[in-house]
Amino acid sequence: MRFDTTGKVSLDHIYTQPDPRAYFTVLRTLDYCVPQLAKPYFAKLLKEYREDRRVAVPKVVDIGCSYGINAALLKYDVSMDELYARYGGDAAAGLTREELLARDRELSRARRPAQLTRFVGLDASENALAYAREAGFLDDTVHADLENHDPTPDQRALLSGADLVFSTGCIGYVTERTLTRVVRAQGGHRPWMAHFVLRMFPFDPVERALAGLGYETTRVDGMHKQRRFASPEEQALVLDTMSAAGVDATGLEAEGWLYAQLYVSRPYGPAGRLRSHDPHDPNREQL
């Protein structure tokens, strides 16, 4: 196994394949589940945005979208279990990429969208973006490295007009540099944001940068499993990283899972007042 500088096992190879089969085959063995856990929070935020801003079809920029997983879950109300069975089973093993795409296009045609939402995927993997777009999960795609480069005029045009910005695990590899460039691509408009961030990565630099752009951020109560550690070695390396950062892993990562926390950022002012985003909270209308 190869490990990155944070101690996490390197899974780069599963994000760059021509189709999602390797992605789901590998991540199924690790019980990767954070997109499923994020789904009700994202759905609730979309509903609030529609009601507050009177936007019938919000535009979402999904940062680190890979094969359009969040888009598939929200637009077509599929589950991670369905996707694991769809791409990791024997039925998918013998299909060509085109046959797999044809099957996915049928899914997107057959299921009436559960969430009337336009998804723009931002990712460093051109292959993953191409598949998600051709399958009908993503409406537009931006293949860019906004950590190191400003968006081109064409990329800026695709990013602009965003109503919400989501991510489920890329913060830490993607930093405030990318988020700042996404916000600045809006030309003064400020989208709402929701990021599930692994506890091993500090969110403070992102929060400070967003505050400078006119955002207020809240950390939503609760811990959310991301996936199991790939090996005892990965767990030991990550625990070392967390310890060095002063993060207590007792009862959480020390028990064998990576955990994420949800941060929600909205513009300052009445239209951006923060609410509880726990979908099971009976008092969720106000924090």
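## A report on a predicted structure

Glu82 has its place in helix α4, and this residue offers a convenient entry into a model that is predicted rather than determined by experiment. With a relative accessibility of 35%, Glu82 counts as partly exposed, because that value falls between the 20% limit for buried residues and the 50% limit for exposed ones. Leaving aside residues up to four places away in sequence, Glu82 touches Asp77 and Arg111. Leu116 lies 34 residues from Glu82 along the sequence, and the two C-alpha atoms are 21 Å apart in space.

### Confidence in the model

The protein chain has an average pLDDT of 92, and 93% of the residues score at least 70. Over residues 271-287, however, pLDDT stays under 50, and for this stretch the model has 39 contacts beyond four places in sequence.

### Two pockets

The largest pocket has a volume of about 940 Å³. Its lining is made up of 36 residues, of which Tyr15, Gly64, Asp123, Cys170 and Tyr173 are the closest to its centre. Helices α1 (21-29) and α3 (69-76), together with strands β1 (59-63), β2 (118-123) and β6 (215-228), are the elements that give two or more residues to this lining.

The second largest pocket holds about 200 Å³ of space. Among the 14 residues that line this second pocket, those closest to its centre are Arg199, Phe201, Pro202, Gln261 and Tyr263. At least two residues of its lining are supplied by each of β5 (192-198), α10 (204-212) and β7 (257-267). The table sets out the linings by class of residue.

| Pocket | Nonpolar lining residues | Polar lining residues | Charged lining residues |
|---|---|---|---|
| Largest pocket | 17 residues | 11 residues | eight residues |
| Second largest pocket | nine residues | one residue | four residues |

### The nonpolar core and two helices

The largest nonpolar core contains 83 residues, and within it Ile63 and Phe166 touch the most other members. Helix α2 (residues 34-53) provides the largest share of this core, with eight residues. When residues up to four places away in sequence are not counted, the contacts of Phe166 are Phe42, Leu45, Leu46, Val60, Val61, Asp62, Ile63, Leu74, Ala194 and His195.

What do the buried residues of α9 pack against? In this helix, which covers residues 176-184, the buried residues are Thr178, Leu179, Thr180, Val182 and Val183. They pack against the strands β1, β2, β4 (164-168), β5 and β6, and also against helix α10.

Helix α7 (residues 126-135) can be described in a similar manner, with Ala128, Leu129, Ala130, Tyr131, Ala132 and Ala135 as buried residues. These buried residues of α7 pack against helices α4 (80-88) and α6 (97-110) and against strands β2 and β3 (140-143). Gly136 follows α7 and has a positive phi, near 95 degrees.

### Residues in two loops

The loop between β1 and α3 contains Cys65, and Ser66 is found in that loop between β1 and α3 as well. Is Cys65 buried or exposed? Cys65 has a relative accessible area of 3% and is therefore buried, since the limit for a buried residue is under 20%. Apart from residues up to four places away in sequence, Cys65 touches Gly121, Leu122, Asp123, Leu129 and Leu138. Gly246 is 181 residues from Cys65 in sequence, and the distance in space between their C-alpha atoms is 30 Å.

Ser66 also counts as buried, because its relative accessibility is 4% and the limit is under 20%. Its phi is near 50 degrees, which is a positive value in a residue other than glycine.

Asp31 lies in the loop between α1 and α2. Although Asp31 is not a glycine, this residue has a positive phi of about 55 degrees. Asp31 has a relative accessibility of 34% and so counts as partly exposed, between the limits of 20% and 50%.

Definitions and conventions:
Residues numbered from 1 in each chain as written. Predicted model: local features only at pLDDT ≥ 70, side-chain atom pairs only at ≥ 80, totals over all residues. Heavy atoms only, no water. 1 Å grid on protein atoms, 1.4 Å probe; cavity = no way out; pocket = protein on both sides within 12 Å on 5 of 7 lines; lining within 4 Å. Points joined across faces, edges and corners; volume = space filled by probe spheres on them. Helix = DSSP H or I, 4+ residues; strand = E, 2+ residues; numbered from the N terminus. Nonpolar A, V, L, I, M, F, W, Y, C, P; charged D, E, K, R; others polar. Buried < 20%, exposed > 50% of the residue type's maximum accessible area, 1.4 Å probe, protein only. Contact = heavy atoms within 4.5 Å. Core = buried A, V, L, I, M, F, W, Y, C linked by side-chain atoms within 4.5 Å. pLDDT = per-residue confidence, 0-100.
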